[in-house]
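Me: I'm new to reading protein models, and I'd like a close look at the cysteines and the aromatic rings. Could you walk me through them?

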Amino acid sequence: MKNVLLPTDFSENSWNAIKYAIHFFNAVDCGFYVLHVNSLNNFIPQDETLIVDTYYLENTYIKPAKQRLRNFIKRISMLEPNKEKHRFFALTETGFFIDSIRKIVKEKQIDFIIMGTKGASGLNEIIIGTNTADVITKVKCTTLAVPENAEFIAPKEIAFPTDLNLSYNLEALHPLAEIFQHFKASLRILHINKNKEDPREDLDESITLLKDYFTGIRSSFHYLTNKKVEDAVQCFVESRDIDLICMVAKNLNYFQQIFFHSRVEKISYHTDKPLLVLHEKN
């Protein structure tokens, strides 16, 4: 059985991520943990010498959140999930968001986190909110970020942008291999070179390792030369009709032009495709 964590702030983008998760794991035995965190960041006094009134917190934040979560679970049941394979559990936590996520990941032995992303008004750009960005970068658990307008499509073409510097344990790729087996998808490994020189000879060993790991999976290697990594990935995703983008967390630095913008303290990327981030296990 898979244990899947579904953090929610009761927004529509978190609701869309839950719908996506139910379809994504439709034929898989899953325990879905729907979690709402009453974040201490929202109501700790700026004057740290003040004491937080626990009675006030309980009645103003915690009890209403528990009731909203019960209503949320009822709403999920109306989606007609796979009752033979799916179980839903409501969880509430009061604390700092990332600390709460880490706690539940450990206690419930979570295999997968699925969260929503927020759209940017007037732009064809998806902004991954602070919470999702923090989970991707600070929690060592496979995480799928789902754009708020994304509708579930069984992934048939999966892009795997990589710098081919395989400094991580290849076992980190296991969740991706499972997805290929389940959906019979094709893997498109993408390496972007900023220089005009052909880098392939220097990367032969890494390419061989990836080919060996993904033996039996339809795959192809693609090399693009573009000084702007962001533009190259966007072009590739659109031209190949990619359904899902997958990255290993250690490659995020390489692709910071796509995901990290110095002027905006958020992760962003210019596509409406879900983003799967893989982590090495502790």
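Reply: Let's start with the cysteines: a search of the whole structure turns up zero disulfides (a disulfide being a pair of cysteine sulfur atoms within 2.5 Å). In general, a disulfide is a covalent bond between the sulfur atoms of two cysteines. Two cysteines to look at are Cys235, partly exposed with a relative accessible area of 47%, and Cys246, buried at 0%. Here buried means under 20% relative accessible area, exposed means over 50%, and partly exposed is in between, using a 1.4 Å probe and protein chains only.

Before going on, keep in mind that this is a predicted model, where local features need pLDDT of at least 70, side-chain atom pairs count only at pLDDT 80 or more, and totals for chains, interfaces and linings use all residues. Residues are numbered from 1 along each chain as its sequence is written, and side-chain values use heavy atoms, with hydrogens and water left out. The mean pLDDT (the predictor's confidence in each residue, from 0 to 100) of the protein chain is 82, and 81% of its residues reach 70 or more. Over residues 120-126, though, the pLDDT is below 50. Where pLDDT is low, the predicted coordinates should not be read in detail.

Back to Cys246: Phe160 touches this cysteine, and also Tyr168, Leu210 and Val248, among others, not counting residues up to four places away in sequence. Touching, or contact, means heavy atoms within 4.5 Å.

Now for the rings. The structure holds 14 aromatic pairs. Rings of Phe, Tyr and Trp (its six-membered ring) pair if their centres lie within 6.5 Å; planes under 30 degrees apart count as stacked, over 60 as edge-to-face and the rest as tilted. Take Phe24 and Phe25: their ring centres are 5.1 Å apart and their planes sit at 80°, so this pair is edge-to-face. Phe24 is buried at 3% relative accessibility, and Phe25 is buried too, at 5%.

Phe24 also pairs with Phe152, with centres 6.4 Å apart and planes at 90°, so that pair is edge-to-face. This one links distant parts of the chain: Phe24 belongs to helix 1, while Phe152 is in the loop between strand 6 (143-147) and strand 7 (157-161), 128 residues away. Helices (H or I, at least four residues) and strands (E, at least two) are DSSP runs, numbered from the N terminus. Phe152 is partly exposed, at 25%. Put together, Phe24, Phe25 and Phe152 belong to one aromatic cluster with Tyr20, Phe112 and Phe183.
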